[in-house]
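Have a look at the chain below, and keep the 3D view open as you read. The report walks through a few of its side-chain and helix contacts.

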Amino acid sequence: MNLNLLFSFIAFWSILPNGLCKEVRHSQKNIVTSERPNFVILFADDIGWGDFGANWNPNKDVTPNLNNMAEEGLRLTDFHAGASVCTPSRAALLTGRLGLRTGVVQNFNQKSVAGLPLNETTVAKVLKDNGYYTGMIGKWHLGMTQKYHPRSRGFDYYYGLPYSNDMGCVDVPTYNRPECLECPTKKSLFEEIFYGDQTAVPCGGYFSALPLYEDYGIIEQPANLTELGDHYAEKAQNFIDAASKSGKPFLLYIGFAHMHVPLTHAARFTNSTDVDTIYADTLHELDDVIGRVIKSLKQSGVYDNTLTWFTGDNGPWVMKCPFR
């Protein structure tokens, strides 16, 4: 495998906002002849530039792990999104090509029958074909029928949401504008919409409950969004541990639900910062998950040979303003 070519491709990835990297530390080794590096992509949803304490001092206690990445790693300060909405930006991340070239110029949803065009090659496929163990955790948003599923696009493992966390009703109260309601329990969603209670409006106007996938199967529906951060951290830790023990280099791509609306977090993060807003509590959970991923890299002994990169798909929504 030509590592110079690979790193050129990774450099082209630099089309997303707010990039922070933990650099691979090679010490005395030559980059071409040394052990092949691992890659971890931490991809936040609808994150804002001012969300990081490294960029905006009032949030310095909300994002300690991201602040540490900024201090110890490489900050990419002239860094631009591949698109202003989720799907095209994610397609650009994984292919290195803008939407005008891939044809992906708008968001997919749960009604979409296709996804990222099959003639597009993902970085996961490139790495897998060259001996890497590849995993994706979190929001995919590039098509969920079998041909377009992450497992069919270069990833050995997948766990997460197929699209945005507001594209379906959920099983916990959530914070949003308009408000996302819980999934009906006494009647079917079809009955609620067409025959009865007009207050039982599905989140976002969609007609299905939000699913949580592992590989090709749905393991929870509706997904419990308050548990999602812990699930993602645990699955990431398991993946890193298994990949490290296998001796194979790996790619781990985590597409967080944070900070997309509806804003949710585990109960222990409620009022967990001095900022004292729902947004800050959710942001603090995101930072905590990132800290747990980095800790897992260190515990598995692969931290010094892993390029860990944090960025986001695009900027925040105006509807978040009431929660800041």
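What follows covers salt bridges, one enclosed helix, a helix pair and some aromatic rings.

Please keep in mind that this is a predicted model.

**Salt bridges**

A count over the structure gives 14 salt bridges. Three of them are set out here, with the distance between the closest nitrogen and oxygen atoms.

| Acidic residue | Basic residue | N to O distance |
|---|---|---|
| Asp45 | Lys139 | 2.7 Å |
| Asp61 | Lys60 | 3.5 Å |
| Asp313 | Arg90 | 2.9 Å |

Start with Asp45 and Lys139, whose closest N and O atoms are 2.7 Å apart. This pair joins distant parts of the chain, 94 residues apart: Asp45 sits in the loop between strand S2 (38-44) and helix H2 (64-72), while Lys139 lies in the loop between strand S4 (133-138) and strand S5 (157-160). Both Asp45 and Lys139 are buried.

The bridge between Asp313 and Arg90, at 2.9 Å from N to O, also connects distant parts of the chain. Asp313 belongs to the segment after strand S9 (306-312) and Arg90 to helix H3 (residues 86-95), with their positions 223 residues apart. Are these two partners buried or exposed? Asp313 has a relative accessible area of 0%, under the 20% cut-off, so Asp313 is buried. Arg90, also at 0% relative accessibility, counts as buried.

These two pairs belong together: a network of salt bridges links Asp45, Arg90, Lys139 and Asp313.

For Asp61 and Lys60, which form a salt bridge at 3.5 Å, the setting can be read from their accessibility. Asp61 counts as partly exposed because its relative accessibility is 48%, which falls between the 20% and 50% cut-offs. Lys60, with a relative accessible area of 41%, is partly exposed as well.

**Helix H3**

Arg90 brings us to H3, its home helix. How many residues of H3 are buried? The count is 10 of the 10, so H3 is largely enclosed by the rest of the structure. Besides Arg90, the buried residues of H3 include Cys86, Pro88, Leu93 and Leu94. Right after H3 comes Gly96, which has a positive phi, near 75°.

**Helices H2 and H8**

Two packed helices are described by the angle between their axes and the distance between the axes. For H2 and helix H8 (residues 278-299), the axes come within 7 Å and cross at roughly 55°. That crossing makes H2 oblique to H8, because the angle lies between the 35 degrees that bounds roughly parallel and the 65 degrees where roughly perpendicular begins. On the H2 side, Pro64, Asn65, Leu66 and Met69 make the contact, and they meet Asp287, Asp288, Ile290, Gly291 and Ile294 of H8. By type, the residues of this contact are five nonpolar, two polar and two charged.

**Aromatic rings**

How many aromatic pairs does a search of the whole structure find? It finds nine. One of them is Phe79 with Trp309: the ring centres are 6.0 Å apart and the planes stand at 70°, so this pair is edge-to-face. Phe79 lies in the loop between strand S3 (74-76) and H3, whereas Trp309 is in strand S9, 230 residues apart. Phe79 is buried, with a relative accessible area of 10%, and Trp309 counts as buried at 4%.

Elsewhere in the model, ring pairs join Phe43, Trp140, Phe155 and Tyr253 into a cluster.

Methods. Residues are numbered from 1 along each chain as its sequence is written. This is a predicted model: local features need pLDDT of at least 70, side-chain atom pairs count only at pLDDT 80 or more; totals for chains, interfaces and linings use all residues. Side-chain values use heavy atoms; hydrogens and water are left out. A salt bridge is a side-chain nitrogen of Lys or Arg within 4 Å of a carboxyl oxygen of Asp or Glu. Helices (H or I, at least four residues) and strands (E, at least two) are DSSP runs, numbered from the N terminus. Buried means under 20% relative accessible area, exposed over 50%, partly exposed in between (1.4 Å probe, protein chains only). Axes are lines fitted to C-alpha atoms, for helices over the stretch in contact, and angles run from 0 to 180 degrees between N-to-C directions. Angles under 35 degrees count as roughly parallel, over 145 as roughly antiparallel, 65 to 115 as roughly perpendicular and the rest as oblique. Contact means heavy atoms within 4.5 Å. Ala, Val, Leu, Ile, Met, Phe, Trp, Tyr, Cys and Pro count as nonpolar, Asp, Glu, Lys and Arg as charged, and the others, Gly among them, as polar. Rings of Phe, Tyr and Trp (its six-membered ring) pair if their centres lie within 6.5 Å; planes under 30 degrees apart count as stacked, over 60 as edge-to-face and the rest as tilted.
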